[in-house]
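Subject: Structure handover and notes

Hello,

Please find the structure below. My notes on what was found in it follow straight after.

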Amino acid sequence: MAGTQRYLRYIVFALVCLILLFFISSSSSVTSANWPSSYTGGDSAVPSPQPPHGKEQQTEPKPSSTPNNDKALPPATDAGERMNATFVTLARNSDLWEIAKSIRHVEDRFNRKFNYDWVFLNDDDFNDEFKKVTSALVSGKTKYGKIPEEHWSFPDFIDQDRAAKVREEMKEKKIIYGDSISYRHMCRYESGFFFRHPLMLDYEWYWRVEPSIELYCDINYDTFKFMADNKKKYSFVLSLYEYVETIPTLWDAVKNFTATYPQHIEKDNSMTFLSEDDGKTYNHCHFWSNFEIGNLNWLRSDAYIDYFTSLDHAGGFFYERWGDAPVHSIAAALMLKKEELHFFNDIAYYHVPFTHCPTGEQYRLDHKCHCNPKDNFDWNGYSCTARFYETNNMKKPEGYEKDQ
Ligand SMILES: Nc1nc2c(ncn2[C@@H]2O[C@H](COP(=O)(O)OP(=O)(O)O)[C@@H](O)[C@H]2O)c(=O)[nH]1
Ligand SMILES: [Mg+2]
């Protein structure tokens, strides 16, 4: 009997041990039960179980369009310092889609790497559409300014009847923009005021851009920094002869200015670019000012302001049809040192109807140019660029004869 009891005690003890073991093992399995049974997202590196082949396409919603996401690529901006510089465009609201094209060219070939600001000026208010589209296209800040009326109207010293008569005569003679009042305000504004607009006072350097221009080659360096580092004040890409009918008395007004303000004339100037007879007559050569990279402080200097004021009072912006291109060019050639002018041979450019396509095939290939070298205007008889080379004793680029 005692043996049976001991035997039963052993069985009860073994059962208790088994029950205890069961509880211990089931409580330790609580932790492992916390592991996710499937991955539901987040940054964890835990891989998600793969659905059977083909199942994902059935369950995931399809994208509604091509994933052309602007955040997919890192920004290709240059890491270097920036100059105190801006693009500047004078435009009407109706110029929107033509200036949009120009902005794309400038951004794609240059500014996407540098993100410089862009100032838009207008004699009217820019509308919301103009601001919305241009600000989306420019990689830098955009600013929109209205031109004060006193900078876009007839000054009180102008005889309006005389000006109206001239417009009639020029219309008869079919002189381009000959009968336009707004074109005359535009030329006068670009000659004497844009650099004094409050939005422009923040900057030292400008690059002028007009509607419908094209850039044909990559520009892989900061052109503003180049100007500053090389002590340049004014630059161009195309030069040509001005229509004589639009400036019959401009040179007389210039001579009047140089006689009154001899202190403003630079000794080492580029008179030979402007004149074949040491200043007696003007040969009508000028830099085409729809493209300009230049120094705003120079335009704001006493010398330039005296020059502009003197020409303005001569009345030729209204009694003739003086363009801002010869006005800027004559100032740059006479009031700057020769070496302060620069020809940007590497900036391939188009403004109707002329093209500057850099001479030299290897350069064009290296810079992904898409201009036809046959369209290059530089060595054409109507261009003044060869004269610029001669004025500065510069060697013409290899192969230029082929483009003539
Ligand atoms: N706000 C404004 N801009 C003008 C006016 N006329 C011309 N412009 C701008 O002045 C610049 C020169 O005019 P454009 O028509 O290109 O002249 P062109 O290059 O000499 O044939 C361009 O940037 C035009 O957008 C005008 O009446 N108002
Ligand atoms: Mg133009």
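Ser-212 lies in the loop between strands E4 and E5 (helices, H or I with at least four residues, and strands, E with at least two, are DSSP runs numbered from the N terminus). Its phi is positive, about 65°, although Ser-212 is not a glycine. Ser-212 counts as partly exposed because its relative accessibility is 30% (buried is under 20% relative accessible area, exposed over 50%, and partly exposed in between, with a 1.4 Å probe and protein chains only).

This is a predicted model, in which local features need pLDDT of at least 70, side-chain atom pairs count only at pLDDT 80 or more, and totals for chains, interfaces and linings use all residues. Residues are numbered from 1 along each chain as its sequence is written, chains are lettered from A and ligands numbered from 1 in the order in which they are written, and side-chain values use heavy atoms, with hydrogens and water left out.

A second positive phi, about 55°, occurs at Asp-278, again not a glycine. Asp-278 sits in the loop between H9 and E8 and is exposed, with a relative accessible area of 72%. For background, most residues other than glycine have a negative phi, and most peptide bonds are trans. The bond joining Val-352 and Pro-353 is cis, with omega about 0°. Pro-353 is in the loop between E11 and strand E12 (354-356).

Metal site

The magnesium ion (ligand 2) has Glu-210 (OE) and His-351 (NE2) as its protein donors, 1.9 to 2.3 Å from it. Donors here are N, O and S atoms within 2.8 Å of the metal (3.2 Å for Na, K and Ca); water is not among the atoms, so sites may look incomplete. The two donors come from distant parts of the chain, 141 residues apart: Glu-210 from the loop between strand E4 (205-208) and strand E5 (214-215), His-351 from strand E11 (residues 349-351). Both Glu-210 and His-351 are buried.

Ser-102, in helix H3, touches Glu-210 as well as Val-209, Pro-211, Ser-212 and Ile-213, not counting residues up to four places away in sequence (contact means heavy atoms within 4.5 Å). With 0% relative accessibility, Ser-102 counts as buried.

Pocket and cavity

The largest pocket holds about 1100 Å³ of space. It has 38 lining residues, and those closest to its centre are Tyr-177, Tyr-183, Met-186, Glu-210 and His-351. The search runs on a 1 Å grid over the protein atoms alone: a cavity is a set of points where a 1.4 Å probe fits but cannot get out, a pocket is an open set with protein on both sides within 12 Å along at least five of seven lines, and lining residues have an atom within 4 Å of a point. Grid points are joined across faces, edges and corners, and a volume is the space filled by probe spheres set on the points.

Helix H6 (181-192), strand E7 (239-241) and helix H13 (324-335) each give at least two residues to the pocket lining, and the largest share, five residues, is from H6. By class, the pocket lining has 20 nonpolar, nine polar and nine charged residues (Ala, Val, Leu, Ile, Met, Phe, Trp, Tyr, Cys and Pro count as nonpolar, Asp, Glu, Lys and Arg as charged, and the others, Gly among them, as polar).

The whole structure has one cavity of 30 Å³ or more. Its space is about 40 Å³, and the lining consists of Val-88, Thr-89, Leu-90, Leu-121, Tyr-189, Glu-190, Phe-194 and Arg-208. Strand E1 (85-90) and H6 are the elements that supply two or more of these residues.

Two further buried residues

Arg-109, in helix H3 (residues 96-111), counts as buried because its relative accessibility is 11%. Its C-alpha is 9.8 Å from that of Cys-369, although the two are 260 residues apart in sequence.

Ser-275 is in the loop between helix H9 (271-274) and strand E8 (285-287) and counts as buried at 4% relative accessibility. Beyond four places in sequence, Ser-275 touches Lys-280, Thr-281, Asn-283 and Arg-387.

Whole chain

The protein chain has 15 helices and twelve strands. Of its 404 residues, 46% count as buried.

Regards
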